[in-house]
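Here's an informal walk through a two-chain model. Have the viewer open and follow along.

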Amino acid sequence: MSEVGRELPRLEARAKVTGRAEYTHNLRLPGMLYGKVFRSTVPHGRIRRVDTAAARALDGVHRVVTGEDIHKVIPEPYYGPAFHDQPILALDKVHHVGEPVAVVLAADPHVAEHAVQLIAAEYDELPAVYDEVAAMQPDIVVHDVLKPAGTFADLKHLKGRTGTNVALDYHLRRGDPDGAFKSAAHVFEHTFKSQQCLHVPFEPFVAVAEPADDALVIHTSNQTPSFVHTEIARLLGWPENRVRVKVPFLGGGFGAKVYVKLEALVAALALIVRRPVKIALSMEEQFYMITKHATTFRIKSGVGADGRIVARACEVFWNGGAYADIGPRVTQKSGFTSPGPYDIDNVSIDSYELYTNRTPAGALRGFGIPQLVWAYESHTDLIARELDLDPVAFRRNNILRQDRPQASGTAMKDAAIAEVLETLAARMGWGDNKEFDRGNGAIRRGRGIAVGFKASISPTTSVAIVNVSGDGSAVVYTSSVDMGQGSDTAYAQIVAEVLALKAEAVRVVHPDTDVTPYDMGTLGSRSLFHMGNAVRLAAEDALAKLRALAAEAGLPEGTNYPPAEIFKKRFGMQAGNVIGAASYVPSYKSPDAQTGLSDNVTPFWMIGGAGAEVAVDTETGAVRVEKLVNAADCGKPINPAVARTQLSGAAVMQLGFTLSEIMQLDGGQVTNASLADYKIPGIRDIPPMHNELVAAEQHSGPFGAKGLGESGTFGVSPAIANAIHDAVGVRITELPITAEAVLRALRKQQGRPLEDAA
Amino acid sequence: MTTARTITFTLNGQQVSTAIEPHRNLVELLQRFDLFGARESCGQGLCGCCTVLVDDQAVSGCLYFAVWADGKSVTTIEHLDADGKLSPVQQAFIDTGAFQCGFCTPGFILMSHQLLKEHPNPTDDDIRHYLSGNLCRCAAYPEIIEAVKLAAKQTA
């Protein structure tokens, strides 16, 4: 039986059901101090004074550290993947409520927590800006001067710029949009908004730094150990081989734990006190670390008399919060897909990343795509309704088919968009209008559909090592992080397939930069394709070396000796190793600076869609999702059972972002920073679901596979909004779709709008 | 801060004794015994990651003072395979793939144990009712429901 395509349980299944799986959360070291963070209470202000005297005087407090103390060990204490804009602890200014200002260290975390309450800070408050569209005006400027990191060529022109909040502007022009709009039979224009929300992994951010003689070991719950490795070495001015980053299992990541989060802080603290330091955030503190971009998306389409979309103009404003994090990449990478999966000759895209005085925004399961699909699939549905066309038929007529160029100019290869659309239509029983119960009385029912797509990240590098031991067993070394998506198991299956082993016999070593080679990061659904390819190549390299060893041992060519026998024959006993190694670097052409176009913008495309049936209570506005169909193209899955749960897990996460999750702000303060007030989906919120992986193949992927972690998020929000429109004739244009929002829309439609709350 | 008090309790079948301050919770107490399967996450008794059985009743370890364990019997996830064999619930969670990151899994499993003890043949509604105090951000809920049903079938 083939190892690829086998539905074996995750390799670490036993460790997880017995509570023995290793997480950074568990780690305690001799002499370790706990750090607790004192945070800014103002959204924007100059620091006048931080009074730590009372905290220092508390029994059991080891040390209180401020930004100035950090400055003494790290002269340029600013970090970030796109901009070096984020100080390890605030210096001079604070830019959002919850920004770290000081840290108390103590052997007992309760003592540190108590001492934090004794710190007092005074600020000269500055006016603050929270809205992404308002931030386009330079009236209130979050950062005095822009400091791009130099990693990305398209950010260089922003270096040293003052008087602006724009941290990246991406523009694409294709064809003649202005001319096409003029000659179009119909023009439609809408604006959609999405909210700030967040990942809330159940293992909150946690990191431990452990100083050694001339080195530093960082244990962290992080999705990008190689980046942390490079960035901490850069901050310290050390060679990379003096910094060691280790990552066990993650208790959830979802894009929160990418790049540097707590690692620079614990590293600096450990160097200051020369003892191991652990910082573990509370659930509340996660609301001040990293979030999902709120967005405003203005979208305009020109449609011909034949129902073909002839032009689309997209203006997207991304609310990046106080620090850029990876936001500029979201703006560009997601930006060029903003017209949606449609074949449109004339396109303009203007995508802006904006600094505001909110908690920073970065990557969250979809890297901006769910916000875009929310807008373009709501808009597409509205067009179909206006033109009195069936929403599926209208999409079918316009969809991007195999080999046709997407807006960027890159052709759609191995992109089963039409198949995903048709699968959804079939599973929804679309076209069978007589069968569908539209409800009666106060309860009205409707259904909707939506399809989205995403490019993968590039340029990017993945390196893997496969070690075959004297007994024939194999170990894989990569810096991929298994945070629940099942990458360990998938790599074991790939190696087992190549080396003719059982996947259970393959061991996967977790990231340890002293041992495991470079990987760009576990993000953007990239691991299975990029690292999966590297793992396959490394296994093939090991296989070639085993064959060479067999020849050296005088074994006849072309016979299939088990590896253990080859070693024994060659070395006279159970001894030796064969080390296979490989790098995978896909080809890529960055978009032209003027036109935003590139004919090779992504190594592969991800396709995902959803269909929803809803029941709307017209008296309360409550929406109940009665059926959710999720479909995706993940190529040929390595482990279909794990793949299907990725699809449904992503869809349920997006269901939360659609119906309930929102960070509430009042004067820059988050007023619902707890799971009591920020409602994520529970077991009672799960609708009946149907999850389907369409038959497909990614020819450049390992055994035909590609990534899937995000695809389930794409279509959920607009499918539900479209279904609500179908049910009760009102259009919700802002997330989340709460009962209140629906009731307000219904009352407005009835000509008796609800009054605003005082 | 405050004075420690000596408590004696049964931990996973063995009698133990330790001195602990009254402000510490059950999760911290268990960490002293190198038991990390009960995990404090939300800190408000809402997510169920810290679920522990005290005298066979599931409690939120983050809201349960350590000193309350005095004289009681505490069972953690680490005890379920004490005889070297996974419990039927644990095995069912593996067979149905009822977890992803695994951080909330011990809580779901312990709560499922209590459910099956009280309702050996639970309906879907019983399962949702008992597990409504456990959250899973990876959203393995459909597989968790299958796991509980499978465990019920196999213990029947």
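What follows goes through the sheets, the helix pairs, the second chain and a few odd backbone spots.

**The seven-stranded sheet of chain A**

One thing to keep in mind from the start: this is a predicted model. In chain A, look for an open sheet of seven strands with mixed pairing, in the order β3-β7-β1-β14-β11-β12-β13. Its edges are β3 (61-66) and β13 (243-246) of chain A, and each has a single partner strand, so one side of each has no neighbour in the sheet. Going from one strand to the next, the twist averages 20°.

At the β3 end, β3(A) pairs with β7(A) (residues 100-106) in the antiparallel sense, over five bridges. If you want a spot to zoom in on, Val65(A) stands opposite Val103(A) in β7(A).

Two helices lie across this sheet. Helix α4(A) (residues 109-116) lies across β1 (33-39), β3 and β7 of chain A, and runs at about 20° to β1(A). Helix α7(A) lies across β1, β3, β7, β11 (206-211), β12 (216-220) and β14 (277-280) of chain A, with an angle of about 30° to β11(A).

**Two helix pairs in chain A**

That same stretch brings in a helix partner. The axes of α6(A) (residues 225-236) and α7(A) (residues 263-273) come within 10 Å and cross at roughly 45°. The two helices are therefore oblique to each other, and α6(A) passes α7(A) in a right-handed crossing. On the α6(A) side, the contact uses Val228(A), Ile232(A) and Leu235(A), which meet Glu263(A), Ala264(A) and Ala267(A) in α7(A). By class, that contact has five nonpolar residues, no polar ones and one charged.

Further along the chain, α10(A) (residues 369-386) packs against α17(A) (residues 716-728) at an angle of about 30°, with the axes 8 Å apart. α10(A) and α17(A) are therefore roughly parallel to each other. The crossing of α10(A) past α17(A) is right-handed. From α10(A) the contact takes Pro370(A), Val373(A), Trp374(A), Glu377(A), Ser378(A) and Asp381(A), while α17(A) brings Ser717(A), Pro718(A), Ala721(A), Asn722(A) and His725(A). The mix in this contact is five nonpolar, four polar and two charged residues.

**The four-stranded sheet of chain A**

Chain A also has an open sheet of four strands, again with mixed pairing, in the order β24-β23-β22-β25. β24 (506-509) and β25 (577-584) of chain A are the edge strands, each pairing on one side only. Ignoring direction, neighbouring strands here are turned by 20° against each other on average.

β22(A) (residues 462-469) pairs with β25(A) in the antiparallel sense over eight bridges, and Asn467(A) has Ile579(A) in β25(A) as its bridge partner. Helix α13(A) (residues 487-499) packs on this sheet, touching β22, β23 (474-477) and β24 of chain A, and its direction makes about 135° with that of β24(A).

**Chain B and where it meets chain A**

Chain B has five helices and five strands, which follow the pattern β-β-α-β-β-β-α-α-α-α along the sequence. Its C-alpha atoms fill a box of roughly 45 × 30 × 25 Å along the principal axes. A compact globule of 156 residues would have a radius of gyration near 15 Å, and the 16 Å of chain B agrees with that.

How many residues of chain B are in contact with chain A? There are 40, and they are in contact with 44 residues of chain A. On the chain B side, α2 (88-96), α3 (105-118) and α5 (141-155) each supply at least two residues. By class, that side of chain B has 23 nonpolar, 11 polar and six charged residues.

**Backbone spots worth a look**

Most residues other than glycine have a negative phi, and most peptide bonds are trans. These three places in chain A are worth checking against that background:

| Spot | Backbone value | Location |
|---|---|---|
| Ser458(A) to Pro459(A) | cis, omega about -5° | Pro459(A): loop between β21 (443-455) and β22 of chain A |
| Leu735(A) to Pro736(A) | cis, omega near -5° | Pro736(A): loop between α17 and α18 (739-749) of chain A |
| Val200(A) | phi near 35° | Val200(A): loop between β10 (186-194) and β11 of chain A |

Key: Residues numbered from 1 in each chain as written. Chains lettered and ligands numbered in written order. Predicted model: local features only at pLDDT ≥ 70, side-chain atom pairs only at ≥ 80, totals over all residues. Axes fitted to C-alpha atoms, helices over the stretch in contact; angles between N-to-C directions. Parallel < 35°, antiparallel > 145°, perpendicular 65-115°, else oblique. Left-handed = near helix turned anticlockwise from the far one by under 90°. Contact = placed C-beta atoms within 7 Å. Nonpolar A, V, L, I, M, F, W, Y, C, P; charged D, E, K, R; others polar. Pairing = 2+ DSSP bridges. Rg over C-alpha atoms; globule rule 2.2 N^0.38 Å.
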